[in-house]
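Student: Please take me on a close look at one part of this model: the charged side chains and where they sit. I would like the cut-offs spelled out along the way.

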Amino acid sequence: MADIIVIIILVLLIGNAVTYMIRARKSGVKCIGCPAGGSCSGSRQTPKKKLSGSVVGKKTIAISGMQCQNCVNSVTKALNGLDGVAAKVNLNNGMAEVSCDREVDEADLKRAVEAAGFKVVNIS
């Protein structure tokens, strides 16, 4: 009897989750469960940052935890907030390409990404 009750509860929970996702998609939500409440737009781009000097180094940062364009915007803003850094963040491969016009410590890059709420997997 207890097994049947557990199965019924699971079916109801899964049914409600599927119904929620279908309704959200029909109402135009682009990313279900995103921190922006599904209101982020994939077409919205963050402005590119221009460096004050010539590029002296490039680094690639592997980042985990990004799920939507709002996440990309947060990481881009955090990295571009560092002096001498211009970043392009790609959601599809979870990577940030960072160009630097001066020496930038990898620990500073990691702190910026983690302050935005994401995890740095690797910096190369």
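Tutor: Happy to. Searching the whole structure turns up 3 salt bridges, a term that here requires a side-chain nitrogen of Lys or Arg within 4 Å of a carboxyl oxygen of Asp or Glu. Please keep in mind that this is a predicted model, where local features need pLDDT of at least 70 and side-chain atom pairs count only at pLDDT 80 or more, while totals for chains, interfaces and linings use all residues. Residues are numbered from 1 along each chain as its sequence is written, and side-chain values use heavy atoms, leaving out hydrogens and water.

Let's begin with E106 and K59, whose side chains meet in a salt bridge at 3.6 Å, N to O. E106 belongs to helix α3 (residues 106–115) and K59 to strand β1, so this pair ties together parts that lie 47 residues apart in sequence. Helices (H or I, at least four residues) and strands (E, at least two) are DSSP runs, numbered from the N terminus. The two partners also differ in exposure: K59 is buried, with a relative accessible area of 18%, whereas E106 is partly exposed at 36%. Buried means under 20%, exposed over 50%, and partly exposed in between (1.4 Å probe, protein chains only).

Helix α3 also holds both partners of another bridge, R111 and D108, which are 3 residues apart, about one turn of the helix. Their side chains meet at 2.4 Å, N to O. R111 counts as exposed at 51% relative accessibility, and D108 as partly exposed at 29%.

The bridge still to describe joins the side chains of D101 and R102, at 3.1 Å, N to O. Here D101 is buried, with a relative accessible area of 12%, but R102 is partly exposed at 38%. As a general point, side chains of opposite charge can pair when their charged atoms come close.

Now for charges without such a partner. K48, K50, K58 and K88 form a positive surface patch; patch residues have over 30% relative accessible area and no salt bridge, with like charges joined within 9 Å and nonpolar side chains within 5 Å. K50 sits in the loop between α1 (2–26) and β1 (57–64), and K50 is exposed, with a relative accessible area of 77%.

How does this fit into the fold? The protein has 3 helices and 4 strands, ordered along the sequence as α-β-α-β-β-α-β. Strands β2 (residues 85–90) and β3 (residues 95–100) run antiparallel and are joined by 6 bridges; strands are paired if DSSP finds at least two bridges between them. Within that pairing, V85 stands opposite C100 of β3. The hairpin of β2 and β3 has 4 residues between the strands, and G94 in this hairpin takes a positive phi near 65°.

On the other side of helix α3 in the sequence, G117 is found in the loop between α3 and β4 (119–123). G117 is exposed, at 58% relative accessibility, and its C-alpha lies 8.6 Å from that of S74, although G117 and S74 are 43 residues apart in sequence.

As a backdrop for the buried partners K59 and D101, buried residues make up 31% of the 124 residues in the protein.

Note on methods: Accessible areas come from the Shrake-Rupley method with a 1.4 Å probe; for residues, only the protein chains shown count as cover. Lys and Arg count as positive and Asp and Glu as negative; His and the chain ends are not counted. The place of a charge is taken as NZ of Lys, CZ of Arg, CG of Asp or CD of Glu.
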